[in-house]
Amino acid sequence: MRGSVHCLKKFSLLFRNCAAKGSLNESKMIHGHVNVTRLEPDTHLWASMVNAYVKCGSIVYAHKVFDKIPVRDVVSWTALISGYVYQGHADDSVSLLSQMQREGVKPNEFTLATGLKACSMCLDLDFGKLLHVQAMKLGFCLDLFVRSSLVDLYAKCGEMEYAEIVFHSMPEKSVMLWNALLNGYAEEGDGEKLMCLFYNLKDMETKFSKYTLSTVFKGCANSGYIRAGKVLHSLAIRLGCVLDEIVTFTILDMYSKCGLADEAIKVFKGIKDSNVVAWNKIIICLEQQGRSQEAAKWFNLIGYTGFRPNEFTFSILVSAATDIGDLHYCQTIHGCICKYGFESETLVSNGLVSMYILNGCLFDGVRVFEMMTDKDSVSWNVLLSGFQGHETCGLVPRIFYEMLLKGFKPNKITFKSVLRSCSSLSDVAFGRQIHAHIIKNRLDDDNFVGTALVDMYAKIGCLKDADVAFNKLIKRNLFAWTTIIAGYAQADQVEETLTCFRKMQREGVKPNEFTLASCLSGCSDIATLESGRLLHSMAVKSGLLLDRFVCTALVDMYGKCGCIEDAEAVFKGLVLRDTVSWNAMIGVYVQYGQGKKALEAFGMMLNEGIVADEITLRIVRYAYGCMSLTEEGKDHFSLMSKVYGMIPTAEHYARR
């Protein structure tokens, strides 16, 4: 039967009250009563029912009611769209709005504002621009909510120029509008623009909210604009805003992110009702500043406050324990994690695997990994990283294939770890299989992975493959150039080494100490002496002559080219001489039969407190052989085990 106007209004009012209270059960009861009375709802009652279910948090019921509406007007559409926005389903909201327009229903200002909010949530700039055009056509551009939503959309999508145009076109600017623009610059990390805008707001004597201050503090944190942040902190104290919990936490976050641990601690101590999030910020700030011991002490203090640490607390603490490097402390933290029941948290377990691996306890890390119930890609990557350069790197192929069998998709980090293991194993067959997987995953044109491929092929000695991978790189950085140059140098392909070096210079990439050292190692005869001298002059111009790697390479280069005096001159110019550089100079003397000078240099090395290694002792033995000092050579030989604790090998027993 067709209900009276009075009944329709009564039920609409009841649904409105349910929406205000958020009472889902009451909404269902009233809905049931409407069905029992066979009342035929009008558009207003339909919209009230949809709105009630939306406000009570049941988007499913709201959509079921919406689907039964015979003629759906803009109000019911807007109610459902706003419900999806409220529930965080921005993409569904945009789809509904598109469907509404296809059905010929024109949006009102509330629909447009809601739709723009959905676009800003899912960063759908293109659809947001269409709504902007529609708002202009329908004459809703002066509406405060539409304007604020437009500023928010453009700001969140990084289109600050458009955001400013919309902002400045408003005759009257509310605090909400200012906040939307400020938040855009805060997210971008443009501290200078943010503070300029805030001071304009302050000079206009507009009454800004605590949310405004929090937004500006967030911007200072994101941009590292700490000087302005400190000024703003003083203003917040003067205005009495530091008593507000939200403002105080954003100040704490700012100092924490900017690495000012002591200032963060002062703010923290002023908080009356701190929570575990605030404790976490202090601990992570100290840990990131390399103050891991203090971070551990702050964690111990949590126990006296009654706060229960969460998974983030333990993930920070595990990182601190890794830095401290005390295995007993690491095991204590592991025990504490088990006590609080966080050992099954993936974030914490990943940290534990990394902690054990980085502290040299690879198999403890493997045990933690095997006990994990919810592994993710990070878990596998952390495990694979532990086998790089380790004597058990032969297990990497099995781990990689097991990862694939478990259904995990390898990413850039995975491939980099596996490729490094290929280098350690000198397994070109496995390396090519990994290359095939990289192509299959469409990562062969990625610079990060491509550079790792170049490094793998170069270290294995497959220089043609390295060259192919290198030439596929879109952006060839210094590391990639150094890798290919070092590969050619180690293979004694001098011309290719120097050709690559010249190409690198033509592309405007400046060499570092490792690049120069690699090139110098290729200049090993008189034919390349001229190139070696050019590299020497370049090292002088670049200010790299004081670098030990470069100087040692220069000593070695001049020595191999027979220029002993030049080698001596470079060596004497070294400020800090280590075992490697002494070995190079002593080796030059031995190479040209100057045993006396070699032994004198060895004595000077010991006088400087430099510890000899196996290479030093082997070179010195050759020096004794050059001078036919058999007895002295035997005495020196006995020193290997007695003084240096080295066990002689077949190479030491062999004659030169």
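Let's start with two helices: α23 passes α25 in a left-handed crossing. By class, that contact brings together three nonpolar residues, four polar ones and no charged ones. Keep in mind that this is a predicted model. Below you'll find two helix pairs, the nonpolar core, a couple of buried residues and two loop residues with an odd backbone angle.

**Helix pair α23 and α25**

- Helix α23 covers residues 377-385 and helix α25 covers residues 412-425; their axes come within 9 Å and cross at roughly 20°.
- That angle makes α23 roughly parallel to α25, because anything under 35 degrees counts as roughly parallel.
- Which residues do the meeting here? On the α23 side they are N381, L384 and S385, and on the α25 side they are I413, T414, S417 and V418.

**Helix pair α34 and α35**

- Now look further along the chain, at helix α34 (residues 564-572) and helix α35 (residues 579-591), whose axes come within 11 Å and cross at roughly 160°.
- So is this pair roughly parallel or roughly antiparallel? With a cut-off of over 145 degrees for roughly antiparallel, α34 ends up roughly antiparallel to α35.
- The crossing of α34 past α35 is left-handed.
- From α34, the residues I564, A567, E568 and F571 meet S581, W582, M585, V588 and Y589 of α35.
- Sorted by class, this contact has seven nonpolar residues, one polar and one charged.

**The nonpolar core**

- The largest nonpolar core is made of 208 residues.
- V50, F198, L252, I434 and I484 are the ones with the most contacts inside this core.
- Helix α27 (residues 447-460) gives the core its largest share, namely eight residues.
- Take I434 as an example: setting aside neighbours within four places in sequence, I434 is in contact with F400, F415, V418, L419 and C422.
- You've already met V418, one of the α25 residues that meet α23.

**Two buried residues**

- V65 sits in helix α4, which runs over residues 59-68.
- Its relative accessibility is 4%, so V65 counts as buried.
- Not counting residues up to four places away in sequence, V65 touches H31, W46, M49, V50 and Y53.
- How far is V65 from W46? The two are 19 residues apart in sequence, and their C-alpha atoms are 7.6 Å apart in space.
- T212 lies in helix α13, residues 210-223.
- T212 has 0% relative accessibility, so T212 counts as buried.
- Leaving out neighbours within four places in sequence, T212 contacts V175, N179, L182, F198 and L201.
- F198 may ring a bell, as F198 is among the residues with the most contacts inside the largest nonpolar core.

**Two loop residues with a positive phi**

- Some background first: most residues other than glycine have a negative phi.
- R442 isn't a glycine, yet R442 has a positive phi of about 60°.
- Where is R442? You'll find R442 in the loop between α26 (428-440) and α27.
- Is R442 buried or exposed? R442 counts as exposed because its relative accessibility is 72%, with the cut-off for exposed being over 50%.
- D492, another residue other than glycine, has a positive phi near 60°.
- The loop between α29 (478-490) and α30 (494-506) is home to D492.
- At 59% relative accessibility, D492 counts as exposed.

Conventions: Residues numbered from 1 in each chain as written. Predicted model: local features only at pLDDT ≥ 70, side-chain atom pairs only at ≥ 80, totals over all residues. Heavy atoms only, no water. Axes fitted to C-alpha atoms, helices over the stretch in contact; angles between N-to-C directions. Helix = DSSP H or I, 4+ residues; strand = E, 2+ residues; numbered from the N terminus. Parallel < 35°, antiparallel > 145°, perpendicular 65-115°, else oblique. Left-handed = near helix turned anticlockwise from the far one by under 90°. Contact = heavy atoms within 4.5 Å. Nonpolar A, V, L, I, M, F, W, Y, C, P; charged D, E, K, R; others polar. Core = buried A, V, L, I, M, F, W, Y, C linked by side-chain atoms within 4.5 Å. Buried < 20%, exposed > 50% of the residue type's maximum accessible area, 1.4 Å probe, protein only.
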